[in-house]
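Here are my notes for a colleague opening this entry for the first time. Please read them with the structure in view.

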Amino acid sequence: MVAGMSTAAAIRALPLAGERYTGTETTTVTSPYDGHEIGRVPACTPADVDRAVAVAKETLAGGPLPQWQRAEILDTAARLISERREQFARTIAEEAAKPLKTARVEVERAVETFRFAAAEARTLAGEMVPLEATASGTGKLGFTLRVPIGVVGAISPFNFPLNLVAHKLAPAIAAGCPVVLKPAGQTPFSAISLAELLIDECGLPAGWLHVVTGSGATVGNALVDHDDVAMITFTGSPDVGWSIRARAPRKKVGLELGNNAPVIIEADSDWKAAAAKIKVAGFSHAGQSCISTQRVLVHEDIADAFTETLVKEVSSLVVGDPLDEATDVSALISTADRDRVRSWIDEAVAQGASVAHGGELDEHGVLVPTVLTGVTPDMKVCANEVFGPVVGIATYRDLDDALRLANDTRYGLQAAIFTHDIGDAIHAFRTLDFGGVLVNEVPTWRADHQPYGGVRDSGNTREGPAYSVREMTELRMVVISG
């Protein structure tokens, strides 16, 4: 992306502080696949963040949106997003280089996110507190209310530019919180389109939602540091996430961060089915998912057969233009990320790993889906989050060794095991130290209403509308004395 001056007519206006804002400085957004210009957005300033937060705070002070109205807004959004599935999918495909058929799945997931948030808006409530359980409470009635936490600052990533924005906006609306949203600089257009839809067609008053585009160092920090922002919800890299947590010690900060998701393949399992699932789970959106299957721990008795099957599966993936209906895997978000991932592959090979498939660039400069064998825990492709189209295979003899290897990580988002032994499955989900453990499914699977989140460097919260809504509200205790 290149910052510079532009005419106002060429700029995508932002819903900000009750107006459509084009600013003066702009940023050009380009396609990760072929570099063509997609469009331009304002390069917002800290002053723009101040305006957005001020209007958001004033809007909340004017009184909450009734729960029925929040629910109707969210239901309308779900319906309209579904009706415009193709339009949203094409925006995602172009700005994120997410293959079109995968982008359509993301749109459908966003619809579900809004539907579940609408249900939460209708049912959000406190609870009765039995004050008369103590002598001093005799004659008193106690109950709690759930009230909006305040202005929410939402910072979203590039890899799910619609659904992960939905996971921030929809619960905030359900909770009755105004939002100032900073979408990823590489993928702002899906978020802007969603915000426009909510304000222009779903009935959300403009003061409840503001979009600011710009760099993390400028706009992101201004949002994190603002005294009138009560909560930051961030999805992205651990380094950035924990720096936000340190920077804003007096705010509530919800972090959904990275992972290097392991899957254990037991000899008694349906390992062919596992290979077919990993074909998608390891390479969808070029591996740019925080729960992309990355570390495959295979029992040594089936390792050769499993590897052969997985390579056959992966070799059938079509690499190409994200707007081509046939494409399964396209470009990484930037050439810098592509080159980083490729260097990690080369480093792993130098340290003793072997390339069973891929490892090179195609004629368009896209990194081919890569399967490595003989990987070890100290290699970057195992120790860190690759965030690229790379799966590494290691072998084990004893299940406890596999569980130890899976847990040997600073991350802890989701992990999985394939086995037909119920005892081993129970042992695994009691032992694997992750926010989610899946049995006979890849760690990349997620339902949008589940409690989703991790431990250690993978975050400190749980997302999913029912859980996010509660993060975005405060309990208020009410005591009535008769």
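1. Start with residues 1–9. This is a predicted model, and pLDDT stays under 50 over that stretch. The model nevertheless gives residues 1–9 20 contacts beyond four places in sequence. Please read those contacts with the pLDDT in mind. For the chain, the mean pLDDT is 96. Of its residues, 98% reach 70 or more.

2. Next, the parallel sheet. Five strands form an open sheet, and its pairing is parallel. The order is S10-S9-S8-S11-S12. Strand S10 (209–211) and strand S12 (252–256) are the edge strands, since each pairs on one side only. On average, neighbouring strands of this sheet are turned by 15 degrees against each other, direction ignored.

3. Within that sheet, look at one pair. Strand S8 (residues 151–155) runs parallel to strand S11 (residues 229–235), with five bridges between them. Valine 152 faces methionine 231 in S11 as its opposite residue. Helix H1 (residues 46–61) packs on the sheet. H1 touches S8, strand S9 (179–182), S10 and S11. The direction of H1 makes about 140 degrees with that of S8.

4. Strand S7 (residues 140–148) has antiparallel pairings. With strand S6 (residues 128–129), S7 shares two bridges in the antiparallel sense. Methionine 128 stands opposite phenylalanine 143 in S7. With strand S20 (residues 473–481), S7 shares nine bridges, again antiparallel. There, lysine 140 has serine 481 in S20 as its bridge partner. As a reminder, strands of a sheet pair through backbone hydrogen bonds.

5. How do helices H2 and H5 cross? The axes of H2 (residues 67–83) and H5 (residues 163–175) come within 8 Å and cross at roughly 155 degrees. An angle over 145 degrees counts as roughly antiparallel, so H2 is roughly antiparallel to H5. On the H2 side, the contact involves Arg70, Ile73 and Leu74. On the H5 side, Ala170, Ile173, Ala174 and Ala175 meet them. The contact residues divide into six nonpolar, no polar and one charged.

6. Is serine 458 buried or exposed? Its relative accessible area is 0%, so serine 458 is buried. Serine 458 is found in the loop between strand S19 (436–439) and helix H15 (465–471). Not counting residues up to four places away in sequence, serine 458 touches Leu255, Glu256, Leu257, Gly258 and Asn259. Serine 458 also touches Tyr411, Gly412 and Leu413.

Notes: Residues numbered from 1 in each chain as written. Predicted model: local features only at pLDDT ≥ 70, side-chain atom pairs only at ≥ 80, totals over all residues. Heavy atoms only, no water. Axes fitted to C-alpha atoms, helices over the stretch in contact; angles between N-to-C directions. Helix = DSSP H or I, 4+ residues; strand = E, 2+ residues; numbered from the N terminus. Parallel < 35°, antiparallel > 145°, perpendicular 65-115°, else oblique. Contact = heavy atoms within 4.5 Å. Nonpolar A, V, L, I, M, F, W, Y, C, P; charged D, E, K, R; others polar. Buried < 20%, exposed > 50% of the residue type's maximum accessible area, 1.4 Å probe, protein only. pLDDT = per-residue confidence, 0-100. Pairing = 2+ DSSP bridges.
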